[in-house]
Amino acid sequence: MVELHCHLDGSLRYSTLEELLLQKNYQITDDIRFYPGMGIQEALSRFQTTLSVLQEPDAVERVTREICEDARELRVFHTEIRFAPQLHHSVPVEEIVDAAISGLDDNANLILCGLYGEPPNVLNGLVEIARTRPRVVGIDLAGAPQADHRYGLFDYAEPFTRARDLGIGRTVHAAEGRSPKEIDVAINFLHAQRIGHGLTLLNDWKTRDLVLEKDITIEACITSNWHTGVISQPPNHPIKEWLDDGIKVAICTDNILLSDTTLAKELAIAREHCGLTYRDINQCKANAKEAIFQRR
């Protein structure tokens, strides 16, 4: 199995979170895990707790290493771990990235995330960090756009174009219950090779045809989409329609801790609740393997 969409700060072990909170004299006052229909903004707010214990390089290295250990235990032979190092403020961003790299094993690499609403120069900085670090295989635009954001998708074209020119992979969180036109912009202007979530892509036939024409892989995160309320229940996920239309889909976890899931669980949900056949599941596994970011 291959995992393409796994957020570091949403996938640490619960026992590690408790230990790191205790070291800082923090406490978990409520269950931080996601629940069905909570909404994207409420889900994003849960990362405040996990990020609070991941400010130091040692913690980032430890959690990266444990994600890799857990992946091996669960027979995931390759993982792309993504995170936004600019949210870890104790040391320069480069040191946080290097700490995560130190925690990687031979079967994992990193994707660095810019965030919707951030100035484009933040992403420019992440691309520059990636340029000299081969274990950083991709960049991403994560989070969700908001009405009061000064910067929108088009504004990130420059850093993503720079990443393309450097041979760095590109993926974008897009159309997560929002307009499918986000996918069009991500592909045509940000040169995205993969799209995270992409729930509404079938709402516009031109978008669907663009995804097919450009051979884009969709990173499907079924439980996450149920939790954030983008779908009302797993059987309503469009993954089966995507596959029947010939769209390449890779099944992913998104946040192992926060959604209380694993890649094996997500594959089982797709099979048992979304109508995927064993052939479909095998195709998704092949798609994920094919879509691994390779630095050139």
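Good morning. I begin with the aromatic side chains: the structure, which is a predicted model, holds 2 aromatic pairs. In one of them, the ring centres of Phe-34 and Phe-47 lie 6.3 Å apart and the planes meet at 70°, so this pair is classed as edge-to-face. The two residues are 13 positions apart and link distant parts of the chain. Phe-34 sits in the loop between helix H1 (14-23) and helix H2 (40-45), while Phe-47 belongs to helix H3 (residues 47-52). Are these two residues buried or exposed? Both Phe-34 and Phe-47 are buried.

The other pair is formed by Phe-154 and Phe-189. Their ring centres are 5.0 Å apart and their planes stand at 65°, so the geometry is again edge-to-face. Phe-154 lies in the loop between strand S4 (136-142) and helix H7 (157-166), and Phe-189 in the loop between helix H8 (181-188) and strand S6 (194-197), so the pair ties together parts that are 35 residues apart in sequence. As for accessibility, Phe-154 has a relative value of 53% and therefore counts as exposed. Phe-189, with a relative accessible area of 41%, is partly exposed.

Let me now place these pairs in the overall fold. The protein has 13 helices and 8 strands. Along the principal axes, the C-alpha trace spans about 50 × 40 × 40 Å. For 296 residues, a compact globule would have a radius of gyration near 19 Å, and the value here is 18 Å, which agrees. Of the 296 residues, 57% count as buried. Among contacts with a separation of 6 or more, 75% come from residues 24 or more positions apart.

Next, the surface and the charges. The protein exposes about 12600 Å², and carbon and sulfur atoms supply 47% of that area. There are 31 positive and 44 negative charges, and the mean positions of the two sets are 5 Å apart.

I turn to a single residue in strand S4, namely Gly-138. Its relative accessibility is 0%, so Gly-138 counts as buried. Which residues does Gly-138 touch, not counting residues up to four places away in sequence? They are Leu-110, Ile-111, Leu-112, Ile-168, Gly-169 and Phe-293. For Leu-110, which is 28 residues away along the chain, the C-alpha separation from Gly-138 is 6.9 Å.

Two helices deserve a closer look. The first topic is H8. Of its 8 residues, 6 are buried, so H8 is largely enclosed by the rest of the structure. The buried residues of H8 are Glu-182, Ile-183, Asp-184, Val-185, Ala-186 and Ile-187; acidic residues are thus listed here, Glu-182 and Asp-184. What covers the buried residues of H8? The cover includes strand S5 (169-174), S6 and helix H9 (205-213).

The second topic is helix H5 (residues 93-103), in which Ile-96, Val-97, Ala-99, Ala-100, Ile-101 and Gly-103 are buried. An α-helix has 3.6 residues a turn, so residues three or four places apart point the same way. The buried residues of H5 pack against helix H4 (57-73), strand S2 (78-83), strand S3 (108-115), helix H6 (120-131) and S4. Strand S4, one of these partners, is also the strand that holds Gly-138.

To close, I return to the aromatic pairs: Phe-34 and Phe-47 are buried, whereas Phe-154 counts as exposed and Phe-189 as partly exposed. Thank you.

Key:
Residues are numbered from 1 along each chain as its sequence is written. This is a predicted model: local features need pLDDT of at least 70, side-chain atom pairs count only at pLDDT 80 or more; totals for chains, interfaces and linings use all residues. Side-chain values use heavy atoms; hydrogens and water are left out. Helices (H or I, at least four residues) and strands (E, at least two) are DSSP runs, numbered from the N terminus. The radius of gyration is taken over C-alpha atoms; the globule rule is 2.2 Å times the number of residues to the power 0.38. Buried means under 20% relative accessible area, exposed over 50%, partly exposed in between (1.4 Å probe, protein chains only). Contact means heavy atoms within 4.5 Å. Accessible areas come from the Shrake-Rupley method with a 1.4 Å probe; for residues, only the protein chains shown count as cover. Lys and Arg count as positive and Asp and Glu as negative; His and the chain ends are not counted. The place of a charge is taken as NZ of Lys, CZ of Arg, CG of Asp or CD of Glu. Rings of Phe, Tyr and Trp (its six-membered ring) pair if their centres lie within 6.5 Å; planes under 30 degrees apart count as stacked, over 60 as edge-to-face and the rest as tilted.
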